Amino acid sequence: MTTWTSDELNRIATTDELEMAPLQGDGTPRTAVPIWVVRDGDDLYVRSYRGTGGSWWRTAHGSHEGHIRSGGVDRDVTLIEEGDPGVNDRVDNAYRSKYGRYSGTYVEPMVADTARATTLRLVPR
């Protein structure tokens, strides 16, 4: 399995946003949307602010594949659903730490149960 390089992890994790273009049913990328990204160890995670109602997430959930661009990194990724409560607790903390400078209006929805249910780990291909 392919892994992130230290440089890629650092470059992506230090940017505020990641451009996410999940693949649609016909294999074409959906229009990229900016989303927040966090790092936990050697893994990168994203969530849907709108929970399972987020259109980019519904597309990602259907294909489990996409393309990301962030911090000068441009990669195809596999999107793996993360249901482990311990990992999700760490991802919550990562969101609070990285984006805490923003109002709770933006951060709290990212750590709510509805967003936790959409946690995806990004695995480079």
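Where is the place of Glu8 in the chain? Glu8 sits in helix H1, which covers residues 6–13. The model described here is a predicted one.

**Overall build**

The chain contains five helices and six strands. Read from the N terminus, its elements follow the order α-β-β-β-α-β-β-α-α-α-β. The radius of gyration is 13 Å, close to the 14 Å that the globule rule gives for 125 residues, so the chain is as compact as a globular protein of that length. The C-alpha trace spans about 35 × 35 × 25 Å along its principal axes.

Of the 125 residues in the chain, 45% are buried. Among contacts with a separation of 6 or more, 68% are between residues 24 or more positions apart. The chain has an accessible surface of about 6200 Å², and carbon and sulfur atoms hold 47% of that surface. There are 15 positive and 19 negative charges in the chain, and the mean positions of the two sets lie 3 Å apart.

**Strand S4 and its partners**

Strand S4 takes in residues 65–70. Its covered face consists of Gly66, Ile68 and Ser70, while Glu65, His67 and Arg69 make up the uncovered face.

S4 pairs with two strands, described in turn here. With strand S1 (residues 17–22), S4 pairs in the antiparallel sense over four bridges. With strand S5 (residues 73–81), S4 also runs antiparallel, and six bridges join the two. His67 of S4 appears in both pairings: Ala21 stands opposite His67, and His67 stands opposite Asp76 in S5.

S4 and S5 together form a hairpin with two residues between them. In the turn of this hairpin, Gly71 has a positive phi of about 55°.

**The loop before S4**

Which residue lies in the loop between helix H2 (55–63) and S4? His64 lies there. Most residues other than glycine have a negative phi. His64 has a positive phi of about 60° although it is not a glycine. Its relative accessibility is 27%, so His64 counts as partly exposed.

**Two buried acidic residues**

Glu8 and Asp40 are taken together in this section. Is Glu8 buried or exposed? Its relative accessible area is 12%, and because buried means under 20%, Glu8 counts as buried. Apart from neighbours within four places in sequence, Glu8 is in contact with Thr3, Val73 and Arg75. Of these, Val73 and Arg75 fall within the residue range 73–81 of strand S5, the strand that forms the hairpin with S4.

Asp40 is found in strand S2, which covers residues 33–40. It is buried as well, with a relative accessible area of 16%. When residues up to four places away in sequence are not counted, Asp40 touches Tyr45 and Arg90. Asp40 and Leu9 are 31 residues apart in sequence, and their C-alpha atoms are 9.9 Å apart in space.

The table lists the accessibility values of the three residues discussed singly.

| Residue | Relative accessible area | Class |
|---|---|---|
| Glu8 | 12% | buried |
| Asp40 | 16% | buried |
| His64 | 27% | partly exposed |

Methods:
Residues are numbered from 1 along each chain as its sequence is written. This is a predicted model: local features need pLDDT of at least 70, side-chain atom pairs count only at pLDDT 80 or more; totals for chains, interfaces and linings use all residues. Side-chain values use heavy atoms; hydrogens and water are left out. The radius of gyration is taken over C-alpha atoms; the globule rule is 2.2 Å times the number of residues to the power 0.38. Buried means under 20% relative accessible area, exposed over 50%, partly exposed in between (1.4 Å probe, protein chains only). Contact means heavy atoms within 4.5 Å. Accessible areas come from the Shrake-Rupley method with a 1.4 Å probe; for residues, only the protein chains shown count as cover. Lys and Arg count as positive and Asp and Glu as negative; His and the chain ends are not counted. The place of a charge is taken as NZ of Lys, CZ of Arg, CG of Asp or CD of Glu. Two strands pair if DSSP finds at least two bridges between them.
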